[in-house]
Amino acid sequence: FGKRELTEGGGKQEYEETVLETAIRETFEETGVEIEVIGPNFGNGKTHPIAVERYINKVGDMIDIQFVAIPLTTTLSNEENNKSIWMSFNEININDEVEDDIKNKVKKLYEMYK
C-alpha cells in the first residue's frame with residue numbers, strides 16, 4: 001500500500017487503456033494480486049481516485065493515481081520488485097517503516113470502507 005512500491009516500479013498507462021485498467025494491470029504486474037476497484041463512487045456511476053499526485057523521481061516525471069480496491073487473489077508474486085507484503089490494519093499502525101501520511105490515509109479509508 002502506498003507510493004513507494006508503485007514509484008519504484010515506474011508503471012505507465014498503455015495506449016487506449018483507461019486509468020482504471022492501468023491501475024488493475026499495474027497492481028497485478030507489481031504484486032501478482034488481482035484486484036477489484038471499489039471506490040470512491042460519488043453516485044454518478046464512475047469510480048474516482050482517492051489521490052492524484054505529480055512529482056519527479058529517479059524514473060522521471062510521474063503522476064501517481066490511487067484508487068480503493070479489494071484483492072481478488074492474495075498470493076504475492078513480487079516478480080518485478082520483491083517489495084510487496086501484506087499487513088493487517090494494526091500492523092500498519094505500529095510499523096515504523098510505514099510513513100505517517102500512509103498510516104493516516106489507511107485509517108481514513110478503513111473508516112470509510114470497513
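Partly exposed residues are those between buried, under 20% relative accessible area, and exposed, over 50%. All views show a predicted model.

**View 1. M112 in helix α4.** M112 lies within α4, the helix of residues 100-113. Its relative accessible area is 48%, so M112 is partly exposed.

**View 2. A nonpolar patch on the surface.** M112 helps to form this patch, together with I38, I70, L72 and Y113. The patch covers about 430 Å².

**View 3. Helix α2 and its end.** The helix comprises 13 residues. From first C-alpha to last, α2 reaches 18 Å. That is close to the 18 Å expected at 1.5 Å a residue. G32 follows α2 and has a positive phi, near 85°.

**View 4. Buried positions of α2.** The buried residues in this helix are T22, A23, R25, E26, E30 and T31. T22 belongs to α2, which runs over residues 19-31. Its relative accessibility is 10%; T22 counts as buried because the limit is under 20%.

**View 5. The surroundings of T22.** Neighbours within four places in sequence are left aside here. T22 is then in contact with K12, Q13, E14 and E17. One of these partners, K12, is ten residues from T22 in sequence. The C-alpha atoms of T22 and K12 are 7.4 Å apart in space.

Technical notes: Residues numbered from 1 in each chain as written. Predicted model: local features only at pLDDT ≥ 70, side-chain atom pairs only at ≥ 80, totals over all residues. Heavy atoms only, no water. Patch = residues over 30% accessible without salt bridge, like charges linked within 9 Å, V, L, I, M, F, W, Y side chains within 5 Å. Areas by Shrake-Rupley, 256 points an atom, 1.4 Å probe, with all protein chains shown as cover. Salt bridge = Lys/Arg side-chain N within 4 Å of Asp/Glu carboxyl O. Helix = DSSP H or I, 4+ residues; strand = E, 2+ residues; numbered from the N terminus. Buried < 20%, exposed > 50% of the residue type's maximum accessible area, 1.4 Å probe, protein only. Contact = heavy atoms within 4.5 Å. Expected span 1.5 Å × (residues − 1).
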